[in-house]
Each structure stands twice: as C-alpha cells, then as structure tokens.
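Colleague: I have a few short questions about this fold. Can we go through them one by one?

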Amino acid sequence: MKLSDFDFDLPEALIATRPARPRRAARLLVAEGEGITDAGVADLGRWLRPGDRLVLNDTRVIPARLSGLRHRSGAQGDTAAKIEVTLLEPGADGSWSALIKPLKKVSEGEEIVFSERLSAVLLAKEEGQGRLRFNLMGDDFDAALAEAGAMPLPPYIAARRPADEQDKVDYQTVWARAPGAVAAPTASLHFDEALLAELAALGVGFSHVTLHVGAGTFLPVKVEDVTTHRMHAEWGEVSAKAAAEMAATRAAGGRIIPVGTTALRLIETAARATGEIAAWSGDTDIFIYPGFEFRVADALMTNFHLPKSTLMMLVSALMGQDTIRRIYAHAVAARYRFFSYGDASLLIPAAKADRRGAQGTE
C-alpha cells in the first residue's frame with residue numbers, strides 16, 4: 001500500500017478559510033453504497049432513522065497559540081525576542097509541552113511574557129519541543145489563556161490568514177465541554193442547537209465521548225509504505241454511560257454513526273480488546289487504513305481530508321479505495337469546500353446500506 005495511492009489533485013480555491021454560516025448551511029455529500037447524492041447538512045435527517053445514534057466528541061479546543069516576548073540583559077544591553085508558542089499537551093505536574101518558534105532564542109530558565117497576567121518559564125528542551133511552566137494554574141490560567149491566546153487554526157488556514165476573535169466561536173463545537181484539544185473535531189462544527197433538536201425529535205440518539213485532538217493530526221505521512229507509519233497518541237475516554245448507550249443501540253438494530261474521525265478512532269479503540277464497545281480511557285495511537293475491521297462504526301459523518309493523509313486512509317478503509325476516489329473526484333468537480341472549515345460528507349458503506357434496505361426505511 002503506497003502513499004501515492006491516497007493522493008488526488010485539489011484546486012487551492014476549494015480550501016475553505018471560513019465556515020458556512022449558519023453552521024447547518026454547509027453542503028453535505030451523501031455516499032450510500034454506490035450512490036452519491038448532493039445535499040446539505042440541514043437535510044441530514046433524511047438519511048437517519050429512529051434508533052440511530054450519533055457519537056459526538058465533546059473535547060474543547062483551547063486558545064493554544066500564544067505570542068510573547070523573551071527579555072534578556074547582557075553586554076549589549078537589554079534585548080527582546082518575539083516568541084511564538086503553540087501549546088500541545090499538559091503534563092501530570094502542571095507543565096505544558098509546546099512548539100516554540102524560534103526555540104533557539106530561549107534558554108532553559110528564561111521567562112516568556114505573553115500578557116500582563118500570563119507568563120511562562122522554559123523548563124527544558126525535548127526533541128524539538130519545549131516544556132513550559134506557567135505562572136498561573138486552574139481557573140486563573142484558563143481565564144488568562146482565553147484573553148491572551150488565539151485559536152490554533154490548521155496550517156493550511158493559518159498560512160492564508162491569522163486567527164481572530166470569530167474563530168473562538170467558529171472553531172468550537174456547540175457541545176464542547178472538556179478542555180484539552182489543540183485542533184477541533186471539525187465535522188461537529190456543522191451542528192447547531194436547532195439541528196440537534198430536529199434530529200432528537202426524529203428519534204436519533206446522541207452519545208458523548210472525549211478525544212483531545214493533538215497537533216499531531218496535521219503531521220504529514222513521510223513513508224512510502226503507509227503500513228510502517230507511526231501515529232501520534234491522543235488521550236481519550238469512552239464513559240460507561242456512552243458504552244452502554246451504544247451497546248443498547250446495536251442490540252436494538254440501530255446504527256452507530258460517529259461524527260468525525262476522532263470519535264470513530266476512539267470507539268474503535270475501545271472495542272479492540274473485547275470486540276465489543278466498552279468503557280475505556282487512555283492514549284490511543286490507532287491507525288486505520290484499508291483492511292481494517294470496523295467493530296463499532298456503521299457509517300461516518302466527516303469533512304473532506306488532505307491528500308496523502310492518515311484520514312484519507314481511514315475513509316478509504318471504511319468505503320473502499322475505489323469508492324473514495326470516485327467520491328472525492330465528484331466533490332472536486334462539484335466544488336465542495338475542503339478541510340476543517342469546509343463541507344461535510346456522510347459515508348455509509350455498501351454493506352450497511354444493504355442492511356438498511358433489508359430492514360426498510362423510515
């Protein structure tokens with residue numbers, strides 16, 4: 001399986017830098033079996049039925065991008081250097097791992113000042129990253145970070161425009177609860193309270209799980225043999241309540257449909273040990289590529305992904321490589337908007353579509 005197998009031509013004009021407004025105004029490509037239908041996110045209920053369950057990632061994106069100054073006094077007098085920081089992951093001791101640019105401009109033990117309230121000391125340099133200890137903790141840290149930080153937009157958006165205050169709303173799901181992500185579960189950005197209410201009225205259930213999406217989600221695959229790629233690890237949790245809800249849905253004949261690849265990767269991780277969905281928490285580095293056996297997910301709602309990315313491999317595993325090539329060719333020709341702020345797709349594999357037809361539609 002070669003990396004080039006997951007490549008495709010994407011016009012730069014199709015990369016979205018702002019989301020659709022309102023959220024449900026985004027387009028929705030529905031691929032059910034061999035069929036492709038052009039629709040809108042507002043029409044999602046047409047493809048769901050009573051007893052289906054959407055699995056939602058309730059992680060909350062933190063404003064992890066910080067701009068600060070390092071001050072130093074020496075033989076040449078007082079000097080200052082601008083330092084850009086992207087927080088990655090908190091440590092058990094309260095420190096943070098972070099990308100620091102330029103890392104060579106900061107020495108261990110030096111302070112970086114981000115605002116009147118917020119500063120940090122560089123504790124160590126580790127494998128091209130820094131470890132920082134902030135002057136605040138708990139609610140005080142969260143409040144100061146909210147004031148000084150910016151949303152960590154994906155590189156393909158950040159290269160085109162800086163993050164602004166609107167991104168603090170746009171790059172957050174309406175059900176975000178557990179702070180810790182530095183990238184959004186972007187398929188979930190299409191939902192608003194009104195759409196959730198409409199789906200609930202149809203008899204669709206919802207289960208919340210947590211996967212803190214890390215910056216590693218944007219790392220490119222650098223090996224030609226994709227089976228040798230090593231995934232980054234991310235922390236996640238499936239509660240006993242969520243596991244029981246999914247088990248009951250499965251027992252009643254309903255479909256389990258994760259919203260986003262993060263939710264899918266988490267519930268498939270939770271099912272690896274026993275073959276059935278179960279409560280689970282910990283770090284997952286699950287890598288899903290063609291040949292993977294899905295044990296929980298019956299379908300997937302997701303955005304359109306980067307060429308040669310692990311997420312292209314994931315959707316290819318779900319739908320089949322030839323089918324995904326056809327879906328993406330259609331999406332490009334129909335000028336769907338791509339990536340984090342782009343449009344959505346609902347992917348229902350042929351086997352699941354056939355099962356739905358055998359049961360009848362509602």
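Modeller: Start with a term: two strands pair if DSSP finds at least two bridges between them. Keep in mind that this is a predicted model.

Colleague: How many bridges join β7 and β10?

Modeller: Strand β7 covers residues 96-101, and strand β10 covers residues 129-134. At least two bridges are needed for a pair. These strands run in the antiparallel sense, and their bridges number 3.

Colleague: Which residue is the bridge partner of Trp96 in β10?

Modeller: Strand β7 begins at residue 96 and pairs with β10. The partner of Trp96 is therefore sought among residues 129-134. In β10, that partner is Leu132.

Colleague: What order do the strands of the closed barrel follow?

Modeller: The barrel has 6 strands, with antiparallel pairing. From one strand to the next, the twist averages 45°. Strands β7 and β10 sit next to each other in the order, which is β5-β6-β7-β10-β9-β8.

Colleague: Helix α1 lies across part of this barrel. At what angle does it run to β5?

Modeller: Helix α1 spans residues 138-148. It lies across β5, β6, β7 and β10. Its angle to β5 is about 95°.

Colleague: Why is helix α7 described as largely enclosed?

Modeller: A residue is buried under 20% relative accessible area. Helix α7 spans residues 310-319, among them Leu311, Met313 and Val315, which are buried. Its cover includes β1, α6, β16, α8 and β17. The helix is largely enclosed because the buried count is 10 of the 10 residues.

Colleague: Which residue just after α7 takes a positive phi?

Modeller: The helix ends at residue 319. Just after it, the phi is about 100°. The residue is Gly320.

Colleague: Is Arg255 buried or exposed?

Modeller: Arg255 is in the loop between α5 and β14. Its relative accessibility is 1%. The cut-off for buried is under 20%, so Arg255 is buried.

Colleague: Which side chain makes a polar contact with the Arg255 side chain?

Modeller: A polar contact needs N or O atoms within 3.5 Å. Here the distance is 2.7 Å. The partner is Asp52.

Colleague: What is the volume of the largest cavity?

Modeller: Rolling a probe the size of a water molecule over the atoms shows where empty space is left. The count is 1 cavity of 30 Å³ or more. Residues that line the largest cavity include Pro19, Arg23, His190 and Tyr341. Its volume is about 60 Å³.

Terms used. Residues numbered from 1 in each chain as written. Predicted model: local features only at pLDDT ≥ 70, side-chain atom pairs only at ≥ 80, totals over all residues. Heavy atoms only, no water. Helix = DSSP H or I, 4+ residues; strand = E, 2+ residues; numbered from the N terminus. Axes fitted to C-alpha atoms, helices over the stretch in contact; angles between N-to-C directions. Contact = heavy atoms within 4.5 Å. Buried < 20%, exposed > 50% of the residue type's maximum accessible area, 1.4 Å probe, protein only. Polar contact = N/O pair within 3.5 Å; in protein donor to acceptor, adjacent residues only side chain to side chain. 1 Å grid on protein atoms, 1.4 Å probe; cavity = no way out; pocket = protein on both sides within 12 Å on 5 of 7 lines; lining within 4 Å. Points joined across faces, edges and corners; volume = space filled by probe spheres on them.
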